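Reader: Could you walk me through this structure, one step at a time?

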Amino acid sequence: MRSGDSSETAHLTARARAADAVVVPDRRLLGDTYAHLFVTVPPPVTSEEALDRLQRLDRAHGGFIAEILLRQRYFEDLVALAVDAGIRQVLLLGAGYDTTALRFTGAEGVRFFEVDHPATQAAKLQTLAAAGLGTDAVTSVPLDFTADASLRDALTAHGFDHAAPCVVGWLGVTFFLPAQACRATFADLADAVAPGSLLLFDYMDESVVNGTSRYEGALAMARQVAEQGEPYVNGLTPQSAADTARAAGFEPLEQLRVPDLVRRYGGDEPYCSDDDFMGLVTARRELSGSDQ
Ligand SMILES: C[S@@+](CC[C@H](N)C(=O)[O-])C[C@H]1O[C@@H](n2cnc3c(N)ncnc32)[C@H](O)[C@@H]1O
């Protein structure tokens with residue numbers, strides 16, 4: 001990210017979610033009713049306009065619309081399952097303009113911790129304040145993953161309970177972090193959360209980052225975000241994503257690719273394509289030697 005600027009790519013994901021929220025219910029993929037607050041381009045008014053806008057973006061960058069909307073859908077399902085199982089802390093790493101907390105209607109007493117780059121977080125808080133929105137259930141934790149500060153310490157300072165399991169969403173971030181900072185954040189996270197915690201993260205294929213992908217739309221997006229000052233710098237493969245999680249103490253439980261998400265959530269007539277260059281990993285924090 002350009003120093004001091006809020007994340008442009010966080011705006012981009014909010015734009016897709018805001019357009020999707022206008023789509024008729026039987027074709028909508030997510031339904032983020034607050035995403036429109038964070039867009040810099042006015043959102044479409046009718047479902048037809050929204051579909052037109054989303055499909056145009058999808059033709060240029062196939063697979064992205066599906067990934068952005070459906071990773072979030074999957075995450076919200078995971079949060080619901082975790083809360084049903086008794087988990088009461090949700091941790092978002094690189095939260096951006098995520099509105100899960102605002103839309104959450106599950107059990108009482110669930111606390112959300114939103115960690116993000118200070119510049120993006122400040123922009124989000126300003127927008128929410130201007131809209132008169134906000135919830136006591138959310139604690140904002142400013143942190144730059146590429147700086148030396150410890151995630152564990154930052155969470156401690158904001159009242160996170162390290163002994164109680166949580167569910168973690170780390171979406172749309174790993175590919176923006178240098179490999180070393182990404183591995184360090186995995187290790188930091190493992191140190192910060194209790195055994196039994198669940199983690200969902202997504203990754204970009206190495207082939208997009210090194211320019212050899214056969215998906216032209218993905219390469220075009222890589223060029224676009226680089227021009228905006230947020231280049232993809234860290235690619236993984238399904239195997240290296242699982243290995244990276246495991247090395248930090250998270251055991252992979254499920255791995256999905258974009259076509260899996262579209263099959264699961266896209267309905268009979270998905271409005272977006274399923275180009276296959278990104279994946280999701282759900283993993284569980286295992287007991288380590290020092291935890292036992
Ligand atoms: C593509 S956005 C994704 C936001 C949100 N998770 C979503 O799915 O819409 C990337 C997010 O990563 C955050 N980010 C990027 N680099 C970061 C860093 N070095 N430290 C902390 N956050 C960072 C940005 O501020 C932004 O919120």
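What follows is a set of short questions and answers on this structure.

Author: Before we start, this is a predicted model, where local features need pLDDT of at least 70, side-chain atom pairs count only at pLDDT 80 or more, and totals for chains, interfaces and linings use all residues. Residues are numbered from 1 along each chain as its sequence is written, and side-chain values use heavy atoms, with hydrogens and water left out.

Reader: Is Thr282 buried or exposed?
Author: Thr282 is found in strand 7, residues 278-285. Strands (E, at least two residues) and helices (H or I, at least four) are DSSP runs, numbered from the N terminus. Buried means under 20% relative accessible area, exposed over 50%, and partly exposed in between, with a 1.4 Å probe and protein chains only. Thr282 has a relative accessible area of 5%, so the word is buried.

Reader: Which side chain makes a polar contact with the side chain of Thr282?
Author: Contact on its own means heavy atoms within 4.5 Å, and Thr282, leaving aside its neighbours within four places in sequence, has Leu78, Leu199 and Glu251 among its contacts. A polar contact is a pair of N or O atoms within 3.5 Å; within protein, one must be able to donate a hydrogen and the other to accept it, and residues adjacent in sequence count only if both atoms are side-chain atoms. At 2.8 Å, the partner is the side chain of Tyr74.

Reader: Which helix gives the most to the largest nonpolar core?
Author: A nonpolar core is a set of buried Ala, Val, Leu, Ile, Met, Phe, Trp, Tyr and Cys residues joined through side-chain atoms within 4.5 Å. The largest one has 51 residues, and Phe64 and Phe277 are among those that touch the most other members. Elements giving two or more residues to this core include helix 1 (8-22), strand 5 (198-204) and strand 7. The most, 12 residues, comes from helix 3.

Reader: How many residues apart in sequence are the parts that Phe64 and Phe277 tie together?
Author: Rings of Phe, Tyr and Trp (its six-membered ring) pair if their centres lie within 6.5 Å; planes under 30 degrees apart count as stacked, over 60 as edge-to-face and the rest as tilted. Phe64 and Phe277 make a tilted pair, 5.0 Å centre to centre with 55 degrees between the planes. Phe64 lies in helix 3 and Phe277 in the loop between helix 11 and strand 7, so the separation in sequence is 213 residues.

Reader: What kind of pair do Phe186 and Phe201 form?
Author: Both rings are tucked away: Phe186 is buried at 1% relative accessible area, and Phe201 is buried at 0%. Phe145, Trp170, Phe186 and Phe201 form one aromatic cluster. The centres of Phe186 and Phe201 are 5.0 Å apart and the planes sit at 85 degrees, so the pair is edge-to-face.

Reader: How much of the ligand's accessible area does the protein cover?
Author: In all, 22 residues surround the ligand, counting a residue as near if one of its heavy atoms lies within 4 Å. An oxygen atom of the ligand is 2.8 Å from an N or O atom in the side chain of Asp116, and a nitrogen atom of the ligand is 3.3 Å from a polar backbone atom of His117. Accessible areas come from the Shrake-Rupley method with a 1.4 Å probe, and for residues only the protein chains shown count as cover. Of the 580 Å² that the ligand has on its own, the protein covers 95%.
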